[in-house]
Amino acid sequence: MIVAKRKPMAEIAEMVAPYKTVKVIGCRSCVAICLAGGEKEVKMLVSALRLKAKKEGRKQEFEGLVVERQCEKEWVEEVEGKILDSDLVLSMACSLGAQTIGDMYPKKIVFPALNTGIFGVPEEQGVWSEKCVGCGNCIIHTTGGICPIARCAKSMLNGPCGGSSNGKCEVNLEVDCAWYAIHERLKLQNRLDLIEQVSPPKDWSTSHSGGRRVYVRDDAKLTQHQKKGKEAVR
Amino acid sequence: MSERKPKVVGFCCEKHGIDSAILAARSGRQYDASVRIIKVPCTGRVDGIHILQALEDGADSVFVLGCLEKNCHYDTGSIEGRKRVEYVKSTLADLGIEKERVEMFNASSTMAWKFPEIVSKMVDVARRLGPIGKAGGDR
Ligand code: SF4
Ligand code: SF4
């Protein structure tokens, strides 16, 4: 899932200070699970911002709202009235949610309350770690199911480097060496021959380096005729 | 002109927290009766939002009182409570609001002196800092 982190309170407070009517909108999906922008976090932020306004004697109105998935227009439309009624939308979803609102209501100012960070997994309560960087051409079938791009400090395709020692990474001794982990996993699976194979340079054009990516599934797209039908039902 | 009464809210767990307050009263110890006690099943149930909303609603200071950490009725409830209090304190500090307005305390039901001590500490904080902000104050 997408893992995000709330911006420092002071930064958010400064961002919103000039605006009178502020709608703080969270999301019940990824950012709720990673405790960054769900219902509870929205309530906390609204309360904190009200206190800050009170402290500085500013008349500001804050309202907290939460939608199911802020990156989908259908859910955002549910709070359209509130958005149109605001001077500022402070999105507590990941940047996809913030940008969805911004694209739907281009006249409205939308600020992010979160820093959108990683594709990560919860390792234990309160800890999320990055396991994929979305390179667009997955290779983990050759690396024992462990991504060397996301988990190796040098994103090496042919590892380990000479700095791997006792299963730890030379860049940070607290961090596991991804290639040591790959070696151990392949050994367990009797597939160590894979580590001998040299991976050719990767084609990065499928990653963000190749520019903005848009994925299309033609069979799922609506035809003009279907679109008209849908509009008519609305 | 009558002096403004400090507004102190205390979230007390219904086990040792409340019991220590009751024992204090039964043993004839005095504490500022204006403190508003909110009984909670466990301080692990207290969330940051409860504390912030109490401040938002006009409390000058807020305390959370739970069982001793090694003797919590729900094992780790008062540890949870402390973590939440610490989180709120750092949030307040980040906003430039005095973090000492919020404190966590622990007591056992036999510590008759503890509750009056906590109340007087938090009343002092409330008196010293007053209401939050110019737009704040008595409501
Ligand atoms: S806006 Fe979409 S991607 Fe972002 S947190 Fe919500 S559901 Fe997840
Ligand atoms: S190889 Fe690419 S797609 Fe696969 S896990 Fe790593 S970054 Fe993600």
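This passage describes the domains, a β-sheet, the largest pocket and two ligand shells of a predicted model.

Chain A is divided into two parts by the domain assignment: domain 1 spans residues 2-118 and domain 2 spans residues 135-200. The C-alpha centres of domain 1 and domain 2 of chain A are separated by 39 Å.

Chain A contains an open sheet of 3 strands, arranged in the order β1-β6-β7 with antiparallel pairing. The edges of this sheet are formed by β1 (2-6) and β7 (127-132) of chain A; each has a single partner strand, so one side of each is left without a neighbour in the sheet. From one strand to the next, the twist averages 70°. The antiparallel pairing of β1(A) with β6 (residues 114-124) of chain A extends over 5 bridges. Within this part of the sheet, A:Val3 is placed opposite A:Ile118 of β6(A).

The largest pocket holds about 890 Å³ of space. Its lining consists of 24 residues, and those nearest the pocket centre are A:Cys34, A:Leu35, A:Glu41, A:Trp128 and B:Tyr87. Two or more lining residues come from each of β1 and α3 (39-55) of chain A and α3 (77-94) of chain B. The most is given by α3(B), which provides 5 residues to the lining of the largest pocket. Sorted by class, the lining of this pocket comprises 12 nonpolar, 3 polar and 9 charged residues.

Ligand 1 is surrounded by residues from several stretches of chain A, namely A:Ile2, A:Cys27, A:Ser29, A:Cys30, A:Val31, A:Arg69, A:Gln70, A:Cys71, A:Ala93, A:Cys94, A:Leu96 and A:Gly97. At least two residues of the shell around ligand 1 are supplied by each of the helices α2 (30-33) and α6 (95-104) of chain A. The shell around ligand 1 is made up of 8 nonpolar, 3 polar and 1 charged residues. Cysteines in this shell are A:Cys27, A:Cys30, A:Cys71 and A:Cys94.

Ligand 2 is likewise surrounded by residues of chain A: A:Lys131, A:Cys132, A:Val133, A:Gly134, A:Cys135, A:Cys138, A:Ile139, A:Ile140, A:Cys147 and A:Ile149. By class, the shell around ligand 2 contains 8 nonpolar, 1 polar and 1 charged residues. The cysteines of this shell are A:Cys132, A:Cys135, A:Cys138 and A:Cys147. Among the residues around ligand 2, A:Lys131 and A:Cys132 fall within the bounds of the edge strand β7 (127-132) of chain A.

Note on methods: Residues numbered from 1 in each chain as written. Chains lettered and ligands numbered in written order. Predicted model: local features only at pLDDT ≥ 70, side-chain atom pairs only at ≥ 80, totals over all residues. Heavy atoms only, no water. Near = heavy atom within 4 Å. Nonpolar A, V, L, I, M, F, W, Y, C, P; charged D, E, K, R; others polar. Pairing = 2+ DSSP bridges. Helix = DSSP H or I, 4+ residues; strand = E, 2+ residues; numbered from the N terminus. Axes fitted to C-alpha atoms, helices over the stretch in contact; angles between N-to-C directions. 1 Å grid on protein atoms, 1.4 Å probe; cavity = no way out; pocket = protein on both sides within 12 Å on 5 of 7 lines; lining within 4 Å. Points joined across faces, edges and corners; volume = space filled by probe spheres on them. Domains from an automatic or database assignment.
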